[in-house]
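Work through the exercises below with the sequence and the model in view. Each task is followed by a solution in steps.

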Amino acid sequence: MGSARPRRARLALTRVRLVLDSSAALRASTSERAAADLEDHELLGPPLLWSEVHSAVHEALWRRDVDEPDAQRILSAFTALRVGRRSPRSLYPEAYRLAGELGWAKTYDAEFLALARIEGGKVLTTDARLRHGADRTGLVIDPSDLVR
């Protein structure tokens with residue numbers, strides 16, 4: 001018997017609040033199919049999301065993984081996702097608390113979890129490290145958990 005990830009209930013097609021982390025936002029910004037999968041959901045992000053997306057795109061440009069027109073298309077596609085920027089007063093204290101609860105030295109990833117908890121949503125990520133590290137919170141899903 002292997003250590004297969006337990007099966008999770010898939011989310012219904014109804015509108016779900018999704019807090020996008022940068023991996024999910026970049027995936028949706030570079031794939032029309034991934035963006036279409038998010039159309040029926042309310043998309044949210046903490047202020048950190050915009051810094052992370054722009055930084056990742058700039059790094060890809062710097063590494064010459066994309067050219068300037070591609071970088072601008074990705075950033076435009078990110079804007080087109082219409083992610084609602086949220087910064088509730090309790091975001092940072094909750095992120096600090098969650099980072100401590102999960103044994104994390106930094107609070108960056110915990111900001112996404114904190115926002116999901118505060119807003120009654122789920123964090124959508126393609127980052128296996130984040131998924132694994134925060135799995136016990138019940139706040140993290142990956143794109144395969146969404147049903148169209």
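Two strands pair if DSSP finds at least two bridges between them; strands (E, at least two residues) and helices (H or I, at least four) are DSSP runs, numbered from the N terminus. This is a predicted model, in which local features need pLDDT of at least 70, side-chain atom pairs count only at pLDDT 80 or more, and totals for chains, interfaces and linings use all residues. Residues are numbered from 1 along each chain as its sequence is written, and side-chain values use heavy atoms, with hydrogens and water left out.

**Exercise 1. The sheet**

Find the residue of β4 opposite Val-19, then place β4 in the sheet.

Step 1. Val-19 faces Val-123 of β4.
Step 2. β1 and β4 run parallel and are joined by three bridges.
Step 3. The open sheet has five strands, ordered β3-β2-β1-β4-β5, with parallel pairing.
Step 4. β3 (84-85) and β5 (140-141) are the edge strands, each pairing on one side only.

**Exercise 2. Helix α1**

Which residues of α1 (22-30) are buried (under 20% relative accessible area, 1.4 Å probe, protein chains only)?

Step 1. They are Ser-22, Ser-23, Ala-24, Ala-25, Ala-28 and Ser-29.
Step 2. Their cover includes the strands β1 (17-20) and β4 (122-124), and the helices α2 (32-37), α3 (48-62), α4 (68-80) and α6 (108-119).

**Exercise 3. The lining**

Which element gives the most to the lining of the largest cavity (lining residues have an atom within 4 Å of a point on a 1 Å grid where a 1.4 Å probe fits but cannot get out)?

Step 1. Ala-24, Arg-27 and Ala-28 are among the lining residues.
Step 2. α1 gives the most, with three residues.

How values were computed:
Buried means under 20% relative accessible area, exposed over 50%, partly exposed in between (1.4 Å probe, protein chains only). Contact means heavy atoms within 4.5 Å. On a 1 Å grid over the protein atoms alone, a cavity is a set of points where a 1.4 Å probe fits but cannot get out, and a pocket is an open set with protein on both sides within 12 Å along at least five of seven lines; lining residues have an atom within 4 Å of a point.
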